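Visitor: I'm new here. Could you walk me through this one?

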Amino acid sequence: MAGRGAASEPGEGAAARTPAAARGRSALEVVATGPMTTVQDAGRFGHADLGVGRSGAADAHSYALANRLLANPAGAAALEATLGGLRVRARGPVTVAVTGAETPLRVDGRGAAANTVLHLPDGAELTMGVPDRGLRSYLGVRGGVDVPPVLGSRSTDVLAGLGPDLPVPGALLPVGPAPADFPNADHAPVPPVGGPEEVLRVVLGPREDWFTEEAVRTLLSSAYEVTPRSDRVGARLSGPVLERARSGELPSEGMVAGSLQIPPGGEPVLFLADHPVTGGYPVVAVVCSADLPRAAQARPGTRLRFTL
């Protein structure tokens, strides 16, 4: 698709081996990506009328924390790693922070702490293990990941195929200029994200009248399990079926992140960052935006409960 600016391709490995001083700027060389790594920022705003969704970091709180630790602008791009496995090598000195799902961290084989400012010299390698809880970790870098923006954002929208390509081993991700401000803390004492069960607040509607009263009571009193068929588009849930009170088809209408859409099978789909901007299945309720970061950290097997 036109406009999908790749930070680099596997064939650019020679550039990755060029000394940082010769290139005149620092970068992150991708060594391994784990199950899935994407470039994300605060999102792509103002294009829903064109059919382009917001996208952006799935766990906006953890993403924002990484930038605050590094004194970055609020919208600086970072790497979002799903279930760890990300390995990067510093090309030139860089300052980074890892937030979100607490993954075992090592810098050149030595243990390192999450939610902490880390200084990587030229050639140092940072490795993320698999987190014990939670799903998504964020690698922020002071200056931000400086890949070309598409429609004003450096976020990769996996549904629309818009934005930077997925990083691959050998890719070289340039780092932007360091901001004028300096970090005023070197560690953020935050509770671990993710857990075996999450309670998410919802507002009913806009189509709760398409479901029986019993179905709404079921939604608000039952546990639903996140299935492995989940991704940045949405979390597919397994649990009690929600019976419709109406038959027929609903004309497509606008969708927002947090929508609990009910396909014909009756089990909810919770839309996340890369959700479609329109949909034709009825939405029984919408998760409050403040709770979406916790929904984004719900790995397969997590139980979700919904409360008004």
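Guide: Let's begin with a term: buried means under 20% relative accessible area, exposed means over 50%, and partly exposed is in between (1.4 Å probe, protein chains only). This is a predicted model, where local features need pLDDT of at least 70, side-chain atom pairs count only at pLDDT 80 or more, and totals for chains, interfaces and linings use all residues. Residues are numbered from 1 along each chain as its sequence is written, and side-chain values use heavy atoms, leaving out hydrogens and water.

Visitor: Is Arg294 buried, partly exposed or exposed?

Guide: Arg294 sits in helix H5 (residues 292–296); helices (H or I, at least four residues) and strands (E, at least two) are DSSP runs, numbered from the N terminus. Its relative accessible area is 31%, so Arg294 is partly exposed.

Visitor: Which residue does Arg294 meet in a salt bridge?

Guide: A salt bridge is a side-chain nitrogen of Lys or Arg within 4 Å of a carboxyl oxygen of Asp or Glu. Here the N to O distance is 2.7 Å. The partner lies in strand S12 (residues 197–204), 96 residues apart from Arg294, and it is buried, with a relative accessible area of 11%. That partner is Glu198.

Visitor: How many salt bridges are there in the whole structure?

Guide: Arg294 with Glu198 is one, and Arg91 with Glu29, at 2.8 Å from N to O, is another. A search of the whole structure brings the number to 16.

Visitor: Which residues are linked with Arg91 in a network of salt bridges?

Guide: Arg91 in strand S4 (residues 86–91) and Glu29 in strand S1 (residues 27–33) are 62 residues apart. Arg91 is buried at 16% relative accessible area, and Glu29 is buried at 10%. Glu125 in strand S9 (residues 125–128) and Arg89 in S4 form another salt bridge, so that pair ties together parts 36 residues apart in sequence. Linked with Arg91 in the network are Glu29, Arg87, Arg89 and Glu125.

Visitor: Now the sheet: which strands stand at its edges?

Guide: Strands pair if DSSP finds at least two bridges between them. Five strands form an open, antiparallel sheet in the order S2-S3-S10-S5-S8. Two of them have a single partner strand each, so one side of each is left without a neighbour in the sheet: S2 (36–40) and S8 (118–120).

Visitor: How many bridges join S5 and S10?

Guide: S5 covers residues 94–100 and pairs with S8 over three bridges, with Val94 opposite Leu120. On the S10 side, Gly100 stands opposite Ser137. That S5 and S10 pairing is antiparallel too, and its bridges number five.

Visitor: How many residues of S5 are buried?

Guide: Both faces of S5 are covered. One side has Val94, Val96, Val98 and Gly100, and the other has Thr95, Ala97 and Thr99. The buried count is seven of seven.

Visitor: And the aromatic pair: is it stacked, edge-to-face or tilted?

Guide: Rings of Phe, Tyr and Trp (its six-membered ring) pair if their centres lie within 6.5 Å; planes under 30 degrees apart count as stacked, over 60 as edge-to-face and the rest as tilted. Tyr224 and Phe306 are both buried, and they lie 82 residues apart in the chain. Their ring centres are 6.3 Å apart and their planes are at 50°, so the pair is tilted.
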